[in-house]
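Grab your viewer and work through the exercises below. Each one sets a task and then walks through a solution.

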Amino acid sequence: MSPMMSQMMSLPILPSDLIKEILSWLPVKVLVRLTCVCKEWKSLIFDPTFAKLHLERSPKHTHTLLTLLDVVEDSETWVVSPQSVRRLLEYPASTVVNEDKCYRYTYDSFYAIGSANGLVCLIGDKSLEGGNREICSGFWNPALRLRSENSPTLNNLHSDASVHLGFGYDDSGDKYKVVAVFWDHTVQKWEGRVHCMGDSCWRKTLTCPDFPTLLGRTNGPFVNGSVNWLALNNLNCHEYEWENVTIEQLVIFSLDLRNETSKYVLLPDGFGEKPEDEPALAVFRGCLCLYYDHMKTHFVLWEMREFGVQDSWTRLVNISYLQLDDFVPDWLLLPVCLSENGDVLMLACTQDWGDVVMYNRRDGRVERVELPNPLIWYAEEHMKSLVLPLPHPH
């Protein structure tokens with residue numbers, strides 16, 4: 001036996017529990033590469049139990065999931081791409097769309113509605129003959145470059161029905177859930193359905209007897225185990241005129257995914273005057289945020305630091321449009337991402353090419369930046385994980 005062979009045979013072998021412990025602290029990118037080491041490591045890394053352990057130890061709120069309009073040779077394509085928040089804020093000009101980790105779609109195919117624990121929910125919305133439509137969902141993990149097969153369809157939706165969607169994680173049942181709240185023209189009321197990733201149907205199990213009228217964006221952001229939409233309290237209809245809405249009617253409708261029940265969350269006390277345009281909700285650093293255009297003079301963003309506690313609302317941003325020079329929007333500005341310490345906010349104007357700015361809360365400084373893919377349409381908090389999309393990822 002050669003000296004080298006003898007030395008290799010004398011090397012200590014780490015116990016499997018210790019190997020698992022070490023691997024659980026490594027980044028997803030490294031773990032994906034380590035699946036090639038041996039079958040045992042590949043089996044461990046893709047085991048759902050290990051994925052949950054790794055998820056608990058992974059840093060949260062590290063990425064933002066951007067929906068961008070990409071124009072190549074006069075052809076427009078929507079791109080969904082995860083981007084590092086830190087890199088996006090520190091080196092915005094170097095931010096590129098990694099084709100291996102992005103999802104491209106056209107107007108008649110799937111689009112992203114939200115992200116939870118590294119999984120992205122994709123929704124397909126198809127018009128049918130006879131004035132009906134159907135929707136289905138798919139699930140995608142950009143870090144693993146895996147996407148599930150499509151879910152069963154939710155049928156018999158009216159072509160003109162308002163459909164509000166949400167996606168999140170039920171930690172009590174370890175289930176990823178898609179929620180659809182829509183106006184049923186047959187019974188003239190709001191209805192709700194839930195689809196659990198991997199199930200064979202959409203269930204009518206929501207225990208909310210009367211949904212309020214949901215506003216604005218159709219996608220409800222997920223935070224603290226719930227999907228949330230802005231709503232009009234005590235108004236059950238599918239059509240409304242914003243100019244006729246009173247500030248007393250405005251609430252946040254929060255749907256708890258654990259028990260599929262609902263409650264109302266109040267807006268900040270400082271939200272004393274109805275904006276000219278509808279406000280919107282977002283999630284930054286794991287906190288629910290409310291943002292709006294105040295009197296066409298300021299962009300305002302509130303953060304609810306303790307979910308469901310009205311006194312925890314804190315006005316985080318109040319930017320005068322005079323600070324933005326000629327960057328005066330016709331539409332509501334879109335907050336793209338917020339630094340971990342809350343000092344730097346990226347804002348985009350969704351209707352104008354190249355209008356992206358950085359706002360520093362500490363000194364009030366505004367810096368205009370250019371991105372390689374300048375038209376940002378939507379942004380969602382995201383993280384990397386090993387969670388497999390089901391059923392049958394490919």
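**Exercise 1. Find the strand that pairs with β10, and place both in their sheet.**

Step 1: Start at β10, residues 175-184, which runs antiparallel to β11 and shares eight bridges with it. Keep in mind that you're looking at a predicted model.

Step 2: Pick one bridge to check the register: Ala180 is matched with Arg193 of β11.

Step 3: Now zoom out to the whole sheet. It is open, has four strands in the order β11-β10-β9-β13, and its pairing is mixed.

Step 4: Look at the ends. β11 (189-196) and β13 (219-220) each have a single partner strand, so one side of each has no neighbour in the sheet.

**Exercise 2. Work out the order of the sheet that holds β20, and say which strands sit at its edges.**

Step 1: Begin with β20 (residues 298-304), which is joined to β21 by seven bridges in the antiparallel sense. One of the pairs to look for is Val300 with Asn318 of β21.

Step 2: Extend to the full set: four strands make an open, antiparallel sheet, ordered β18-β19-β20-β21.

Step 3: The edge strands are β18 and β21 (313-320); each has just a single partner, so one side of each is left free of a neighbour in the sheet.

Step 4: For the twist, neighbouring strands here are turned by 25° against each other on average, ignoring direction.

**Exercise 3. Describe the largest pocket: its volume, its centre and its lining.**

Step 1: The volume comes out at about 1100 Å³.

Step 2: There are 48 lining residues, and those closest to the centre are Lys60, His61, Gly286, Glu381 and His382.

Step 3: Trace the lining back to secondary structure. Elements giving two or more residues include α5 (48-57), β1 (63-72), β22 (334-338) and β26 (375-382). β18 (280-284), the edge strand from Exercise 2, is also one of these contributors.

Step 4: Sort the lining by class, and you get 22 nonpolar, 14 polar and 12 charged residues.

**Exercise 4. Do the same for the second largest pocket. Which element gives the largest share of its lining?**

Step 1: This pocket holds about 640 Å³ of space.

Step 2: It has 29 lining residues, with His63, Gln83, Ser84, Lys101 and Lys384 nearest the centre.

Step 3: At least two residues each come from α3 (28-34), α5, β2 (75-84) and α6. The largest share belongs to β2, with four residues.

Step 4: The class count is 11 nonpolar, 13 polar and five charged.

Key
Residues are numbered from 1 along each chain as its sequence is written. This is a predicted model: local features need pLDDT of at least 70, side-chain atom pairs count only at pLDDT 80 or more; totals for chains, interfaces and linings use all residues. Side-chain values use heavy atoms; hydrogens and water are left out. On a 1 Å grid over the protein atoms alone, a cavity is a set of points where a 1.4 Å probe fits but cannot get out, and a pocket is an open set with protein on both sides within 12 Å along at least five of seven lines; lining residues have an atom within 4 Å of a point. Grid points are joined across faces, edges and corners, and a volume is the space filled by probe spheres set on the points. Ala, Val, Leu, Ile, Met, Phe, Trp, Tyr, Cys and Pro count as nonpolar, Asp, Glu, Lys and Arg as charged, and the others, Gly among them, as polar. Two strands pair if DSSP finds at least two bridges between them. Axes are lines fitted to C-alpha atoms, for helices over the stretch in contact, and angles run from 0 to 180 degrees between N-to-C directions.
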